[in-house]
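Notebook open, coffee poured. I'm going through this one by backbone oddities, then domains, then the ligand and the chain contact.

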Amino acid sequence: MSRPAQTEKFQNPVVQWIDERLPIFTMLIKEYGVFPMPKNANYLWSFGGMALTMLIIMIVSGVVLAMSYTPHVDMAFNSVERIMRDVNYGWLLRYIHMNGASFFFIAVYIHIMRGLYFGSYKKPREILWIVGVVIFLLMMATAFMGYALPWSQMSGWGVTVITSLFAKFPLIGDGLVTWLWGGFSVDNPTLNRFFALHFLLPFVILGVVFIHVWALHITGSNNPAGVEPKSEKDTLPFHPYFTSKDGFALVVFLTVFLGTVFFAPLALTEFDHFKAYDSMVTPPHIVPEWYFLPFYAILKSFVYDFTVVLALLAMGGLLLAFPAAYVFFKGDKKKRDMAFMGLGALLGGLVLITLLAIATTHLEQPSAAAYLKVVIIPAALQGVLAMFGSILLLVVLPWIDCSPVKSARYRPIYKKCLLVLLISFITLGYTGAQLPEGWPVIAGQVATLYYFAHFLVILPYLARKEKTLPVPNSISEDPCCASKGN
Amino acid sequence: MDSTKKQHAAGADGETRRDFLYLTAGAMGAVAAGTAVWPLVDSMSPAADTLALASTEVDVTSIQAGQTITVVWRGKPVFVHRRSAEEIAEVRAEAWQELRDPQSDQSRVKSGHDEWLVLVGVCTHLGCIPMGSKTADVKGDYNGWFCPCHGSHYDKSGRIRKGPAPKNLAVPPYEFVSDTLIRIG
Ligand code: HEM
Ligand code: FES
């Protein structure tokens, strides 16, 4: 930042005095006053501000709750009950905090969908997007640990199930879980560290949000047309045009939020969350909070172990793929070599883990048939990897989808595929809450398959082959804007 | 000027003695950072009092054949099940080589104490407690234990038969102090 201008900028001498020494007012005007917003930004561009508001509401309500909360296995549940019954306005604080987490996720999910639809992850916003995914991951960790704090049946068993996922990693798994728990089961050390981290992480999120907004103010906002603003004609100053628009959207959002807090505070919560934790009795049906359900469903979709037989079949398939690639890339030697290298790496990796699995398995009665059944990647580990992978795919999305057209408006096929992705995601959200039997399992598997196919097959394919519609030269020439007489 | 030039005289590949200093300083810095971080990381491992959790002793005199009791060991439930002769004969008649986690029933109990089955009551899938220890419980398709969380069925030897769990219910380290007293841990 350069030195403040010599001339007096502010009428108020106190403001002027401060600004010459710490140009905070100059910064506010630059970033939130005259900051140029694409004039066609619609209400979907208001959800980032809503998410930030929810973060602040969570921090404020959380700090006050923490003053009445006791992080000890013998007292935590009762201290939360005391908050509900005896602490002045405690019920309000807790309901705000409980439902606030849900509305935080609602805002962020819509925010992410907006990005997917209008291609906001593409050049030059890759870092902005990745920082956003980091925020999403931190939010999930924070909400997960917060849900543990009331030490209810759902708290304790939710923590048990989710932390046990880490035990699925080969070799280090058991040690890792013992370390996470600070003991041999989910117990007081676990609750204590979860409280410490639940207190800390929201402030880390706040810091990462700052980086997110910083990156945003370098590239500027994307817009429904997906073309960058070319001149002043394409933009409007943030204040008053978008402060008022975002402000209105925020009021509507908060009205729905407070309506839920006052009239349906328990609508989004399982009743087993209001029973104290009993480490000897698992409730019959453990369900995570709704915002985790799609990922939980992906986890549950993997039910078949990857055994030596399957590995051999896959190796056979890969061997057949070599001549296929040879024919397919006949014209292009460079691409053919690349394909060969990729296939070779896959094959090598597969052979390696198969040998490793066989070498580390002790069979009571070794035989060829027994070796064929040796498990290389157990179903549960596949589920864990897929669950984390489903989010990590978002990190590399800017490089998966390299179509030069940003907005789905001009990508007719992408638009439809995205709708199917949304439907799959909602399906997963539904099946995630169902018992793992019957048709929900299959529906979940189909949706999981589509989720991965969308990112790994469809997007790279569309990026090369899709016939896109003509993109307007500039925002002002966008027929959508012109018709409104802007 | 000349002398400094000589001091920094580049080797054949343009490396200088300063590069070496940077490398060693960097390496020392990394070691120091690692040393400083380790106590923080290790403080999260089980503390001495947690590790010292005594072993659990169970008096099994009052358990009837067909009954299961649940005791707590290291914060986890342990099922102690007394089996009838028919029950033992039944699980031993099955071909265990074909199971997901192939183990014979014999290898899961102490020989000479074949009627006693001692299991860590934690589902090997994601750590829920399987049902089946109480008379009224759902026992699953194999009449042993059933985990409600994601539907794992265990047989009367605690072996996984159906559902997502990869392994049989674990057998904790235990010994018979006398014919009626078991020490777990
Ligand atoms: C990213 C922001 C945050 C999220 C998503 C979040 C989420 C949650 C969730 C889901 C719960 C469980 C609510 C329940 O079922 O009762 C919870 C509880 C709690 N949180 Fe947070 N929280 C956030 C920020 C904070 C902050 C900053 C603090 C303290 C400084 C805090 C302190 C607490 C306390 C003391 C509880 C236990 C009391 C209760 O259950 O109502 N939270 N949090
Ligand atoms: S924890 Fe038992 S089946 Fe998943």
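I started at A:P124, which sits in the loop between α5 (90-118) and α6 (126-148) of chain A. I checked the bond into that proline: the peptide bond from A:K123 to A:P124 is cis, with omega near 5°. Note to self: this is a predicted model, and that goes for every entry below.

I then looked up another proline, A:P240. The peptide bond reaching it from A:H239 is cis, with omega near 5°. A:P240 is placed in helix α10 (residues 238-263) of chain A.

Next I pulled up A:W151, in the loop between α6 and α7 (153-164) of chain A. Its phi is positive, about 55°, although A:W151 is not a glycine. I flagged these backbone spots because most residues other than glycine have a negative phi, and most peptide bonds are trans.

Domains next. For chain A, the assignment gives domain 1 (1-30), domain 2 (35-304 + 380-484) and domain 3 (306-377). So I don't forget: domain 2 of chain A is written as two segments, 35-304 and 380-484. I get 36 Å between the C-alpha centres of domain 2 and domain 3 of chain A.

Chain B is split into domain 1 (3-43) and domain 2 (51-184). The C-alpha centres of those two domains of chain B lie 56 Å apart.

Then the ligand. How many residues surround ligand 1? I count 26, and the closest are A:R94, A:H97, A:M98, A:H198 and A:H273. I went through the histidines for polar distances:

- The side chain of A:H97 has an N or O atom 2.8 Å from a nitrogen atom of ligand 1.
- For A:H198, a side-chain N or O atom is 2.7 Å from a nitrogen atom of ligand 1.
- With A:H273, the ligand 1 partner is an oxygen atom, 2.6 Å from a polar side-chain atom.

Last stop, the contact between the chains. Chain A puts in 30 residues and chain B 32. The buried area between chain B and chain A comes to about 2,600 Å², with 63% of that from carbon and sulfur atoms.

What does the rule find for salt bridges across the interface of chain B and chain A? I get 0. Polar contacts do turn up there: 7 residue pairs, with both residues at pLDDT 80 or more.

On the chain B side touching chain A, the elements giving two or more residues are α3 (48-51), β2 (68-73) and β3 (76-82). By class, I have 15 nonpolar, 13 polar and 4 charged residues on that side of chain B.

Note on methods:
Residues numbered from 1 in each chain as written. Chains lettered and ligands numbered in written order. Predicted model: local features only at pLDDT ≥ 70, side-chain atom pairs only at ≥ 80, totals over all residues. Heavy atoms only, no water. Contact = heavy atoms within 4.5 Å. Buried area = accessible area lost by both parts, 1.4 Å probe. Salt bridge = Lys/Arg side-chain N within 4 Å of Asp/Glu carboxyl O. Polar contact = N/O pair within 3.5 Å; in protein donor to acceptor, adjacent residues only side chain to side chain. Helix = DSSP H or I, 4+ residues; strand = E, 2+ residues; numbered from the N terminus. Nonpolar A, V, L, I, M, F, W, Y, C, P; charged D, E, K, R; others polar. Near = heavy atom within 4 Å. Domains from an automatic or database assignment.
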